[in-house]
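This report goes through one protein chain, from its elements to its core and pockets. Please look at the structure below before reading on.

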Amino acid sequence: MPVKIRLQRHGKKGKPFYWIVAADARSKRDGRFLEKLGTYNPNVNPAGIDLDVDGAVKWLQNGAQPTDTARAILSYKGALLKNHLAGGVKKGALTEEQATEKFEAWVSEKEGSVDAKKDELAKAEAAAKAKALEAEREVNAKREAEAAAANAEVVEEAPEAEAEEVTTEAEAEEVTTEASNEEE
């Protein structure tokens, strides 16, 4: 029975979530599988990968062939390296301790690069937020300046209008007093 290490799609439309499984090559993509090895979530940055490295190495040693995407994921998590080092131990080129030491060094280096990427993404996000906030502050300052200018224009027009009202009221009073004087 030919075994493949491949992805099984789960999740909803537009939000894929994958299981990494060892399955018979003849079974359907989302059908029966022999063992679930981990999960892969491409919706986050960096992609979330949870993998049982030892289980994947066991299947690789038994002849399972990974698909292209699964091979990239196994390489990213170090399963292919661990399988390669295990082959070196079998042939006698390395001891078990040397292989474990090399693998641990590689894992720590990989974690460092992933943490650096996460920090870089966090800094970029913070910079984008700061830039958006500054742009919003500029727009608000511009709006406040326009509102202050409009209020100043209204205040300047108001005394002129009051003066006109006062003169019209005075004229109206004069007209009424003249009319009342004429009636007498």
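A residue is called buried when its relative accessible area is under 20%, exposed when the value is over 50%, and partly exposed in between, with a 1.4 Å probe and protein chains only. The model is predicted, so local features need pLDDT of at least 70 and side-chain atom pairs count only at pLDDT 80 or more, while totals for chains, interfaces and linings use all residues. Residues are numbered from 1 along each chain as its sequence is written, and side-chain values use heavy atoms, with hydrogens and water left out.

**Elements and sheet**

The chain has 184 residues, and 21% of them are buried. It holds four helices and five strands. Helices (H or I, at least four residues) and strands (E, at least two) are DSSP runs, numbered from the N terminus. In sequence order the elements read β-β-β-β-α-β-α-α-α.

The five strands make an open sheet with mixed pairing, in the order β4-β3-β2-β1-β5. Because β4 and β5 (65-66) stand at the edges with a single partner strand each, one side of each has no neighbour in the sheet. Two strands count as paired if DSSP finds at least two bridges between them. Between β3 and β4 there are four bridges, in the antiparallel sense. Two facing positions can be named: G38 is opposite L51 in β4, and N41 is opposite G48 in β4.

The link from β3 to β4 is a hairpin of six residues. P46 lies in this loop, and the peptide bond joining N45 and P46 is cis, with omega about -5°. In general, most peptide bonds are trans, and most residues other than glycine have a negative phi. Two glycines in this chain have a positive phi: G63, just after α1, at about 105°, and G78, which follows α2, near 95°.

**Buried faces and the core**

In a regular strand the side chains alternate between the two faces of the sheet. β4 has I49 and L51 on its covered face, and G48 and D50 on its uncovered one.

In α1, the buried residues are V53, G55, A56, V57, W59 and L60. In α2, A70, I73 and L74 are buried. They span an arc of only 100° around the axis (taken from the directions from the helix axis to the C-beta atoms), which places them on the same side of α2. An α-helix has 3.6 residues a turn, so residues three or four places apart point the same way.

Why is I73 called buried? Its relative accessible area is 6%, and the cut-off is under 20%. I73 lies in helix α2. I73 and I20 are 53 residues apart in sequence, yet their C-alpha atoms are 9.1 Å apart in space.

A nonpolar core is a set of buried Ala, Val, Leu, Ile, Met, Phe, Trp, Tyr and Cys residues joined through side-chain atoms within 4.5 Å. The largest one has 24 residues, and I5, I20, L37 and L51 touch the most other members. Elements that each supply at least two residues to this core include β1 (3-12), β2 (15-24), α3 (79-91) and α4 (96-183). The most comes from α1, with five residues.

**Pockets**

Rolling a probe the size of a water molecule over the atoms shows where empty space is left. On a 1 Å grid over the protein atoms alone, a pocket is an open set of points where a 1.4 Å probe fits, with protein on both sides within 12 Å along at least five of seven lines; lining residues have an atom within 4 Å of a point. Grid points are joined across faces, edges and corners, and a volume is the space filled by probe spheres set on the points.

| Pocket | Volume | Share of lining from α4 |
|---|---|---|
| Largest | about 300 Å³ | seven residues |
| Second largest | about 150 Å³ | five residues |

Which residues are closest to the centre of the largest pocket? Of its 13 lining residues, they are I49, Y76, K77, E111 and V114. β4, α2 and α4 each give two or more residues to this lining. By class, the lining has seven nonpolar, one polar and five charged residues. Here Ala, Val, Leu, Ile, Met, Phe, Trp, Tyr, Cys and Pro count as nonpolar, Asp, Glu, Lys and Arg as charged, and the others, Gly among them, as polar.

The second largest pocket is lined by residues including K82, L85, F103 and E104. Both α3 and α4 supply at least two residues of that lining, which has five nonpolar, one polar and three charged residues.
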